[in-house]
Amino acid sequence: MIDTIKILSGLPDELKTLVLQEQSLKQRTTLQIGGPAALLCEVQNTEHAQRFQEIAFKNNLPFFVLGGGSNILASDEGFPGLVMHVATRDFIPRGNTLVVGAGLDFDEVISRSLASGLSGLEFASGIPGTLGGAIMGNAGCYGHEIGEFMLEAITLAPDGTIKRRGPEGFGFRYRATSLRESGEILLQATLQLSSGGIEAAQAIREEKIADRHSKHPHNLPSAGSWFRNLPPSAPGQRRTAAGALLEKAGSKTMHEGDARVFEGHANMIVNTGQASSRQVQKLARRMKDAVWDKFQVKLVQEVRHLGPPA
Ligand SMILES: Cc1cc2nc3c(=O)[nH]c(=O)nc-3n(C[C@H](O)[C@H](O)[C@H](O)COP(=O)(O)OP(=O)(O)OC[C@H]3O[C@@H](n4cnc5c(N)ncnc54)[C@H](O)[C@@H]3O)c2cc1C
């Protein structure tokens, strides 16, 4: 149990108003599962981030950075520590570049950049979550990744210092960055986009949204693809979709309580009602085992855990 009263009483009023106690993670994750976070801190600027990180470290609290919660399985037991919710929301077009707060909704960044005459990100239309989550996980689809557009970023390092990072500092790779692994927090990013081409970009945006609508569980809670696609078998070749192996291994009919594999996509788990994190984990293990039994291929999970795994 953490001593929230002691922690809160030591905070100045302007920070206290940014702290929510016993905040349900079910309402903060797109899978809509999870118990309460002891403390959830809304971070609107660099100083807030520094102060809350310092509080977590000084008090030895478990610490987690949350964006839109669209790639997260939160534990039924909740999180006995401090969750930092990045809510920096600047949006500043500058020539062909865009300075954006990491807490802005990624799809909103895309629609507002097009409205500002800047194209490039339309391939990613419809990816849920924040810009920060997208950059730190190098989100991608249809042959592109957000890392291609990074120019510069402002981050908070675990030692409390603010860093200005170029793209080389991120270590972008398939659905990962070395910065996320090292616990750095992204607060703001500058993206390199293109001026014009808005009509064509808008058409691509609509096409991608329609494609997602037809393939993804748009009216059921989910967390996106559960497992990562497989590495290419030779340089220059495409990755094999984990969903293709899962489908052949029979995952589409699997369920554990209200946790089910989505009938339209063998690599997505949906919460059809009151699924628990335990049920989801059990289902994910069955999916992984089925692929191992049929193909001797070990799938690697893409979705991150918030809280202790069951
Ligand atoms: C229906 C659906 C479709 C999806 N389609 C795609 C797709 O096509 N391509 C794809 O790549 N993903 C896809 N996803 C997965 C997910 O939307 C992306 O991974 C998204 O970019 C995660 O962003 P988020 O803000 O929700 O991050 P969260 O889920 O909140 O966090 C994910 C990870 O990023 C870290 N993080 C978040 N913000 C920050 C920050 N500011 N600083 C440091 N670390 C941070 C968290 O600590 C955590 O480790 C899909 C998900 C759903 C539900």
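**Notes on a predicted model with a bound ligand**

1. α5 leads the way at the ligand: this helix gives the most to the surrounding shell, with 4 residues. Keep in mind that the model is predicted. α5 spans residues 131-136. It does not act alone. β3 (63-66), β9 (140-141), β13 (185-192) and β15 (222-225) each supply at least two residues of the shell as well.

2. Who comes nearest to the ligand? There are 33 residues around the ligand. V65, G68, S70, T130 and G140 come nearest. Find these five on the structure before you go further. V65 is worth marking, and point 5 returns to this residue.

3. Next, the character of the shell. How many of its residues are nonpolar, polar and charged? The split is 14 nonpolar, 14 polar and 5 charged. Note how glycine is counted here: Gly belongs with the polar residues. So a "polar" label does not have to signal a polar side chain, because the class takes in Gly.

4. Now the polar contacts. An oxygen atom of the ligand sits 2.8 Å from a backbone N or O atom of G67. G69 also uses its backbone: one of its polar backbone atoms is 2.8 Å from a ligand oxygen. R212 uses its side chain instead, where an N or O atom is 2.8 Å from an oxygen atom of the ligand. How much of the ligand does the protein bury? Taken alone, the ligand exposes 980 Å², and the protein buries 92% of that.

5. Turn to the sheets. Strands of a sheet pair through backbone hydrogen bonds, either parallel or antiparallel. One open sheet here has 4 strands, in the order β1-β2-β5-β3, and its pairing is mixed. Which strands form its edges? They are β1 (19-24) and β3, each pairing on one side only. Neighbouring strands of this sheet are turned by 35° against each other on average, direction ignored. β3 pairs with β5 (residues 79-86) in the parallel sense, over 4 bridges. Within that pair, V65 has M84 of β5 as its bridge partner. V65 is also one of the residues that come nearest to the ligand.

6. A second open sheet has 5 strands, ordered β6-β7-β13-β11-β12, with antiparallel pairing. Its edge strands are β6 (91-94) and β12 (162-165), and each pairs on one side only. From one strand to the next, the twist averages 15°. β7 (residues 97-101) and β13 pair in the antiparallel sense over 5 bridges. L98 has L191 of β13 as its bridge partner. β13 also supplies at least two residues of the shell around the ligand.

7. Stay with this sheet for its β11 and β12 hairpin. β11 (residues 150-156) and β12 pair in the antiparallel sense over 4 bridges. I154 stands opposite R164 in β12. The hairpin has 5 residues between the strands. Look there for G160, which takes a positive phi near 90°.

8. Two more phi values deserve a check. Most residues other than glycine have a negative phi. Q32 has a positive phi of about 55° although it is not a glycine. Q32 lies in the loop between β1 and β2 (36-43). R175 is another residue other than glycine with a positive phi, near 50°. R175 lies in the loop between β12 and α6 (178-181). Are these residues buried or partly exposed? Q32 has a relative accessible area of 41%, so Q32 is partly exposed. R175 is at 16%, so R175 counts as buried. The cut-off for buried is under 20%.

9. N271 links a strand to the stretch around L31. N271 belongs to strand β18 (residues 268-271). Its relative accessible area is 3%, so N271 is buried. A polar atom of the N271 side chain lies 3.1 Å from the backbone oxygen of L31.

10. Last, G243. Where is it? G243 is in helix α8 (residues 242-248). Its relative accessibility is 14%, so G243 counts as buried. G243 and N267 are 24 residues apart along the chain, yet their C-alpha atoms are separated by 4.6 Å.

Terms used
Residues numbered from 1 in each chain as written. Predicted model: local features only at pLDDT ≥ 70, side-chain atom pairs only at ≥ 80, totals over all residues. Heavy atoms only, no water. Near = heavy atom within 4 Å. Polar contact = N/O pair within 3.5 Å; in protein donor to acceptor, adjacent residues only side chain to side chain. Areas by Shrake-Rupley, 256 points an atom, 1.4 Å probe, with all protein chains shown as cover. Pairing = 2+ DSSP bridges. Axes fitted to C-alpha atoms, helices over the stretch in contact; angles between N-to-C directions. Buried < 20%, exposed > 50% of the residue type's maximum accessible area, 1.4 Å probe, protein only.
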